[in-house]
Amino acid sequence: MGNELFRVRRPFWWITSSIYVEINGKEVGVVHRRWHLWRRVYDLYLGNKQFAVVENPGFWNWTFTLKDIDGKVLAEIDREWRGFGFEVNSL
């Protein structure tokens, strides 16, 4: 096999979840999901400092906006919905 560059760890979760990125056993980044009834909101951290927020405006919306801590848009990720049959077959 090859050398391990980094490790992504996601412990068991009930409502909110966190994903940890580690290099040589040292945590370098974290993604925390904030609980919301119909929106998906993720806080992104490098070390202990938050550098961005990923937001999704609604339950059926597949567009995610990445904003810095000042609220300026850094990127937008859009996923085209191609229909239930196609999505189920692509799993």
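# Notebook: strand pairs, core and salt bridges

I began at the strand 6 and strand 7 pair, where Thr 63 stands opposite Asp 78 of strand 7. The model is a predicted one, in which local features need pLDDT of at least 70, side-chain atom pairs count only at pLDDT 80 or more, and totals for chains, interfaces and linings use all residues. Residues are numbered from 1 along each chain as its sequence is written, and side-chain values use heavy atoms, with hydrogens and water left out.

**Entry 1. Strands 6 and 7.** I looked up how the two strands run and found them antiparallel, joined by five bridges. Two strands count as paired if DSSP finds at least two bridges between them. The hairpin they form has four residues between the strands, and Gly 71 takes a positive phi near 90 degrees there. I then checked the cover on strand 7 (residues 73–78): the count of buried residues among its six residues is zero. For this I took buried as under 20% relative accessible area, exposed as over 50%, and partly exposed as in between (1.4 Å probe, protein chains only).

Ala 75 is in strand 7. I list Ala 75 as partly exposed because its relative accessible area is 32%. Leaving aside neighbours within four places in sequence, Ala 75 is in contact with Phe 64, Thr 65 and Leu 66, where contact means heavy atoms within 4.5 Å. From Ala 75 to Val 54 I noted 9.3 Å, C-alpha to C-alpha, with their positions 21 residues apart in sequence.

**Entry 2. Whole chain.** I noted one helix and seven strands. Helices (H or I, at least four residues) and strands (E, at least two) are DSSP runs, numbered from the N terminus. The order from the N terminus on is β-β-β-β-β-β-β-α. The chain has 91 residues, and buried residues make up 23% of them. Among contacts with a separation of 6 or more, residues 24 or more positions apart account for 1%. The accessible surface comes to about 7,500 Å², and 59% of it belongs to carbon and sulfur atoms. Accessible areas come from the Shrake-Rupley method with a 1.4 Å probe; for residues, only the protein chains shown count as cover.

**Entry 3. Core.** I looked for the largest nonpolar core and found five residues: Leu 44, Ala 52, Val 54, Phe 64 and Leu 66. Such a core is a set of buried Ala, Val, Leu, Ile, Met, Phe, Trp, Tyr and Cys residues joined through side-chain atoms within 4.5 Å. Strand 5 and strand 6 each supply at least two residues of this core. I followed Val 54 further: beyond its neighbours within four places in sequence, Val 54 is in contact with Arg 40, Val 41, Tyr 42, Leu 44, Phe 64, Thr 65 and Leu 66.

**Entry 4. Salt bridges.** I found five salt bridges in the structure, each being a side-chain nitrogen of Lys or Arg within 4 Å of a carboxyl oxygen of Asp or Glu. Arg 39, Glu 55 and Lys 67 are linked in a network of them. Between Arg 39 and Glu 55 the closest N and O atoms are 3.9 Å apart. This pair links distant parts of the chain, 16 residues apart: Arg 39 is in the loop between strand 3 (26–34) and strand 4 (40–46), and Glu 55 is in strand 5 (residues 49–56). Between Glu 55 and Lys 67 the closest N and O atoms are 3.5 Å apart. Glu 55 lies in strand 5 and Lys 67 in strand 6 (residues 63–68), so this pair ties together parts that are 12 residues apart in sequence.

I checked accessibility in the network. Arg 39 is partly exposed at 25%, Glu 55 is partly exposed at 23%, and Lys 67 is partly exposed at 26%. I also looked up Asp 43 with Arg 34, whose closest N and O atoms are 2.9 Å apart. Asp 43 is buried, at 8%, while Arg 34 is partly exposed, at 40%.

**Entry 5. Surface and loops.** I noted a nonpolar surface patch of about 890 Å², made by Phe 12, Trp 14, Ile 15, Trp 35, Leu 37 and Trp 38. Patches are made of residues with over 30% relative accessible area and no salt bridge; like charges are joined within 9 Å, and nonpolar side chains (Val, Leu, Ile, Met, Phe, Trp, Tyr) within 5 Å. Phe 12 is in the loop between strand 1 (7–9) and strand 2 (18–23). Phe 12 counts as exposed because its relative accessibility is 67%.

Last, I looked up Asn 48, in the loop between strand 4 and strand 5. Asn 48 is exposed, with a relative accessible area of 80%. The C-alpha atoms of Asn 48 and Gly 29 are separated by 8.1 Å, the two residues being 19 apart along the chain.
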